[in-house]
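Work through the exercises below with the model open. Each one has a task and a stepwise solution.

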Amino acid sequence: MPHYKLIYFNMRGRAEIIRYLFAYLDIQYEDHRISQDDWPTVKQTVPFGKIPILEVDGVPLHQSLAIGRFLAREAGLAGKTELEQCQVDAIIDTLDDFMSRFPWAEKKKDIKDQMFNELLTHDAPSLLQDLDLYLGKKDWFVGNSVTWADFYWDICSTTLLVLKNDLLDKHPKLVALRKNVQSIPVISDWIKQRPETRM
Ligand SMILES: N[C@@H](CCC(=O)N[C@@H](CS)C(=O)NCC(=O)O)C(=O)O
C-alpha cells in the first residue's frame with residue numbers, strides 16, 4: 001500500500017472530497033493540516049503553489065478534482081459506464097463552477113460580503129432548481145448507486161448551508177440526497193470524527 005500524505009489547511013474546503021474518498025476506500029493516510037502562518041514557506045515547496053496536494057509515496061499530485069477522480073475510479077465511484085462517467089464529471093464541474101465564483105480570499109470585508117450575498121441570493125436558486133430537476137425522483141445524481149458527484153454535493157452544500165442556512169428549504173430532494181450520503185456508515189463515521197471547522 002502506498003504512503004499517502006494529504007497537505008491542506010485545517011479546513012474541509014477543497015480537500016474534503018479527497019478525505020471522503022479515503023474514508024470510503026478505507027485507506028489510511030496522513031491528513032497533514034498546515035497553519036496559515038506556515039503556508040508561505042510550504043507554498044514554495046509544492047507544485048503550482050496551491051493546495052490540496054496529495055503525495056503518493058512522495059510523488060506530489062495537485063488539483064483536488066484530478067485527485068478525486070483518481071481515487072473515485074479506484075473506489076468504483078466514478079460512474080459505471082463511460083456515459084455515466086461523463087455525467088458524474090459534469091455534475092462535479094457544475095458544482096465546482098459555482099463554488100469557484102466565491103471570492104474566498106478577498107481581503108475587503110464589504111466587497112466580500114456583497115459578492116457572497118449576491119451569489120447566495122441571486123445565483124444559487126437557479127443552480128438549485130437545475131440540480132433538483134436533474135436529480136428528479138432518483139436517489140443519486142447519476143445511475144442507481146452513489147458516485148463521487150453525490151459526495152461532492154454533500155460537501156459543497158454543507159459549506160453553502162453554513163453561509164445561508166435556509167438555502168435548501170425549497171429543495172427537500174436535495175436535502176434527502178445529503179442524508180443518503182451522510183448515512184453511508186464510513187462517511188457518517190468520518191463526519192463524526194473529523195476536526196470541526198467552519199469551512
Ligand atoms: N483548482 C485547484 C484550486 C487550488 C487552490 O486555489 N487552492 C487554494 C486553497 S482552496 C490555495 O492554495 N490558496 C493559497 C494560495 O493561492 O496561495 C484545486 O481544486 O485544487
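Two strands count as paired if DSSP finds at least two bridges between them. The model is predicted.

**Exercise 1. Strand pairing**

Task: Find how many bridges join β1 to β2, and which residue of β2 is the bridge partner of Ile 7.

Solution:
- Step 1. Take strand β1, residues 4-9. Five bridges join β1 to β2.
- Step 2. Apply the cut-off of at least two bridges. The two strands run parallel.
- Step 3. Go to Ile 7. Its bridge partner in β2 is His 32.

**Exercise 2. The sheet and its helices**

Task: Give the strand order of the sheet, name its edges, and place α1 and α3.

Solution:
- Step 1. The order is β2-β1-β3-β4, in an open sheet of four strands with mixed pairing.
- Step 2. β2 (30-34) and β4 (59-62) each pair on one side only, which makes them the edge strands.
- Step 3. On average, neighbouring strands are turned by 25 degrees against each other, direction ignored.
- Step 4. Helix α1 (residues 16-25) packs on the sheet and touches β1, β2 and β3 (53-56). Its direction makes about 150 degrees with that of β1.
- Step 5. Helix α3 (residues 64-75) lies across β1, β3 and β4. It runs at about 105 degrees to β4.

**Exercise 3. A helix pair**

Task: Describe how α5 and α6 pack, and classify the contact residues.

Solution:
- Step 1. Two packed helices are described by the angle and the distance between their axes.
- Step 2. For α5 (residues 109-135) and α6 (residues 148-163), the angle is about 140 degrees and the axes are 12 Å apart.
- Step 3. Their crossing is left-handed.
- Step 4. α5 contributes Phe 116, Leu 120, Leu 128 and Leu 131. α6 contributes Trp 153, Leu 160 and Leu 163.
- Step 5. By class, the contact has seven nonpolar, no polar and no charged residues.

Definitions and conventions:
Residues are numbered from 1 along each chain as its sequence is written. This is a predicted model: local features need pLDDT of at least 70, side-chain atom pairs count only at pLDDT 80 or more; totals for chains, interfaces and linings use all residues. Side-chain values use heavy atoms; hydrogens and water are left out. Axes are lines fitted to C-alpha atoms, for helices over the stretch in contact, and angles run from 0 to 180 degrees between N-to-C directions. A crossing is left-handed if the near helix is turned anticlockwise from the far one by less than a right angle, and right-handed if clockwise. Contact means heavy atoms within 4.5 Å. Ala, Val, Leu, Ile, Met, Phe, Trp, Tyr, Cys and Pro count as nonpolar, Asp, Glu, Lys and Arg as charged, and the others, Gly among them, as polar.
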